[in-house]
Amino acid sequence: MRQFVLLVMTVMAWPTQSQAQQEYLTTVDGWAFYKVRASGAMTNTNVKATCEAAGMGYPCLSPGTGSCTDRWSSDCIRYDPGFYTCYTHKSLSNKLCGHDDAYGYGSRCRPLDDTFVYAPGWQSDDSAYGVDYDTHSYGLNGANKNNKYALCAVDSYAPCLNGGTPGNHGCY
């Protein structure tokens, strides 16, 4: 009997633990941004896989609007940061911490600590681009960091339920 009760308690505790691995950050241009715990090296491949496994899309280092397309690809979400910046961490820092962190690219905004964003073509080793609040470091090579957070996003206008894939203000 004790074994059965222990099993039930373990199964019931698992969803809460799983949900704790995603943290809502803020919403920018209709996209709800989250930090989602990843497992393994923080490469572009792993950031993408982490976001997709959570049923979310993923931003690139650049937002993909205006002239900010140098570190963006068409499989990333596209959003308007609301003020001039070509860096996702900076636009989130502006919303979360009230400053665009001019010289820290998000590394001086505690909620962005240990987050990595998909950065196509940035490094030859497939590194995602990361920031660290504790050391105020930015431009961290993700291939050298493990088990941090992927920056992910879901369209807040049309949440994707039942396995839909987030798109630019819609699901497909």
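## Exercises on a predicted model

At 4% relative accessibility, N44 counts as buried. The model used here is predicted.

**Exercise 1. Place N44 and describe its surroundings. Which element holds N44, and which residues does N44 touch?**

Step 1. Find the element. N44 belongs to helix α2, which covers residues 44–53.

Step 2. Check burial. Buried means under 20% relative accessible area. N44 has 4%, so N44 is buried.

Step 3. List the contacts, leaving out residues up to four places away in sequence. N44 touches V117, Y118, A119, P120, D126, S127 and A128.

Step 4. Look for a polar partner. The N44 side chain comes to 3.5 Å from the backbone oxygen of S127.

**Exercise 2. Lay out the sheet. What is the strand order, and which strands are at the edges?**

Step 1. Write the order. The sheet is open, has 6 strands and runs β1-β2-β6-β3-β4-β5, with mixed pairing.

Step 2. Mark the edges. β1 (22–28) and β5 (137–141) each pair on one side only.

Step 3. Add the twist. Ignoring direction, neighbouring strands are turned by 35° against each other on average.

Step 4. Take one pair in detail. β4 (residues 129–132) and β5 are antiparallel over 4 bridges. Y129 stands opposite N141 in β5.

Step 5. Add the helices. α2 packs on the sheet and touches β2, β3 (115–117) and β6. The directions of α2 and β6 make about 45°. Helix α3 (residues 88–97) lies across β1, β2, β3, β4 and β6, at about 90° to β1.

**Exercise 3. Describe the nonpolar cores. How many residues does the largest core have, and which element gives the largest share?**

Step 1. Size the core. The largest nonpolar core has 18 residues. Among those with the most contacts inside it are V47, C51 and F116.

Step 2. Assign elements. β2 (31–37), α2 and β6 (149–155) each give two or more residues to this core. The largest share, 3 residues, comes from β6.

Step 3. Note the second core. A separate set of 17 residues includes F33, L61, I77 and V131.

**Exercise 4. Classify two aromatic pairs. Is the pair of Y58 and Y118 stacked, tilted or edge-to-face?**

Step 1. Count. The structure holds 4 aromatic pairs.

Step 2. Take Y58 and Y118. Their ring centres are 5.0 Å apart and their planes are at 50°, so the pair is tilted.

Step 3. Locate the partners. Y58 is in the loop between α2 and α3, and Y118 is in the loop between β3 and β4. They are 60 residues apart. Both Y58 and Y118 are buried.

Step 4. Take W122 and Y129. The centres are 5.1 Å apart and the planes make 65°: this pair is edge-to-face. Both W122 and Y129 are buried.

Methods: Residues numbered from 1 in each chain as written. Predicted model: local features only at pLDDT ≥ 70, side-chain atom pairs only at ≥ 80, totals over all residues. Heavy atoms only, no water. Buried < 20%, exposed > 50% of the residue type's maximum accessible area, 1.4 Å probe, protein only. Polar contact = N/O pair within 3.5 Å; in protein donor to acceptor, adjacent residues only side chain to side chain. Contact = heavy atoms within 4.5 Å. Core = buried A, V, L, I, M, F, W, Y, C linked by side-chain atoms within 4.5 Å. Pairing = 2+ DSSP bridges. Axes fitted to C-alpha atoms, helices over the stretch in contact; angles between N-to-C directions. Phe/Tyr/Trp six-rings, centres within 6.5 Å; stacked < 30°, edge-to-face > 60°.
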